[in-house]
Amino acid sequence: MNLFLDDFIIMPDHIHGIIIIIIRSSCARPGAATNRDILRNSNKYGPQYNNIPSIIRGFKSAVTIQARKINPEFEWQNRYYDRVIRDYNEYIRIKGYIQYNPEQFKY
């Protein structure tokens, strides 16, 4: 799995960003599992890795370690909102929201 951070903005009390996830499968070998096979056969109650919650957990953990060196009382909001971007128009709309959101934020 490869992750790429697209547009993002750090706000005073939260962040907005687009994470691009590319899952590579070795379909060249006969009988190799495809991404669809892996998703269909995965145990939703088993170990959680290579998914959005594990990505967010890792990001929050790494940032918390560094942020608490500056401010020992640093805390994240308990929840986060995620959305799968389904098409190019939605991608452009969300990208615009990220880029122009600071102009609407009242400091």
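Which residues does Phe8 touch, not counting residues up to four places away in sequence? The legends below refer to a predicted model, and the first close-up answers this question.

**Figure 1. Surroundings of Phe8 in strand 1 of the predicted model.** Phe8 is located in strand 1. Leaving aside residues up to four places away in sequence, Phe8 touches His16, Gly17 and Ile98. The C-alpha atom of Phe8 is separated by 6.4 Å from that of Ile18, a residue 10 positions apart from Phe8 along the chain. Phe8 has a relative accessibility of 48% and therefore counts as partly exposed, a class that lies between the cut-offs of 20% and 50%.

**Figure 2. Lining of the largest pocket.** The space in this pocket amounts to about 1,600 Å³. The lining comprises 38 residues, and those that lie nearest the centre of the pocket are Ile15, His16, Gly17, Ile56 and Tyr81. Sorted by class, the lining contains 27 nonpolar residues, seven charged residues and four polar residues.

**Figure 3. Secondary-structure elements around the largest pocket.** At least two lining residues are supplied by each of strand 1 (2–10), strand 2 (15–22), helix 2 (52–70) and helix 3 (88–104). Strand 2 provides the largest share of the lining, with seven residues.

**Figure 4. Environment of Ser54 in helix 2.** Ser54 belongs to helix 2. A polar atom of the Ser54 side chain lies 2.9 Å from the backbone oxygen of Asn51. Is Ser54 buried or exposed? The relative accessible area of Ser54 is 17%, and because buried means under 20%, Ser54 is classed as buried.

**Figure 5. Overall arrangement, shown as context for the close-up views.** The protein contains two strands and three helices. Along the sequence, these elements follow the pattern β-β-α-α-α. The protein has 107 residues, of which 19% count as buried. Among contacts with a separation of 6 or more, 44% are between residues 24 or more positions apart. The protein exposes about 9,300 Å², and 55% of this area is supplied by carbon and sulfur atoms.

Terms used:
Residues numbered from 1 in each chain as written. Predicted model: local features only at pLDDT ≥ 70, side-chain atom pairs only at ≥ 80, totals over all residues. Heavy atoms only, no water. 1 Å grid on protein atoms, 1.4 Å probe; cavity = no way out; pocket = protein on both sides within 12 Å on 5 of 7 lines; lining within 4 Å. Points joined across faces, edges and corners; volume = space filled by probe spheres on them. Helix = DSSP H or I, 4+ residues; strand = E, 2+ residues; numbered from the N terminus. Nonpolar A, V, L, I, M, F, W, Y, C, P; charged D, E, K, R; others polar. Buried < 20%, exposed > 50% of the residue type's maximum accessible area, 1.4 Å probe, protein only. Polar contact = N/O pair within 3.5 Å; in protein donor to acceptor, adjacent residues only side chain to side chain. Contact = heavy atoms within 4.5 Å. Areas by Shrake-Rupley, 256 points an atom, 1.4 Å probe, with all protein chains shown as cover.
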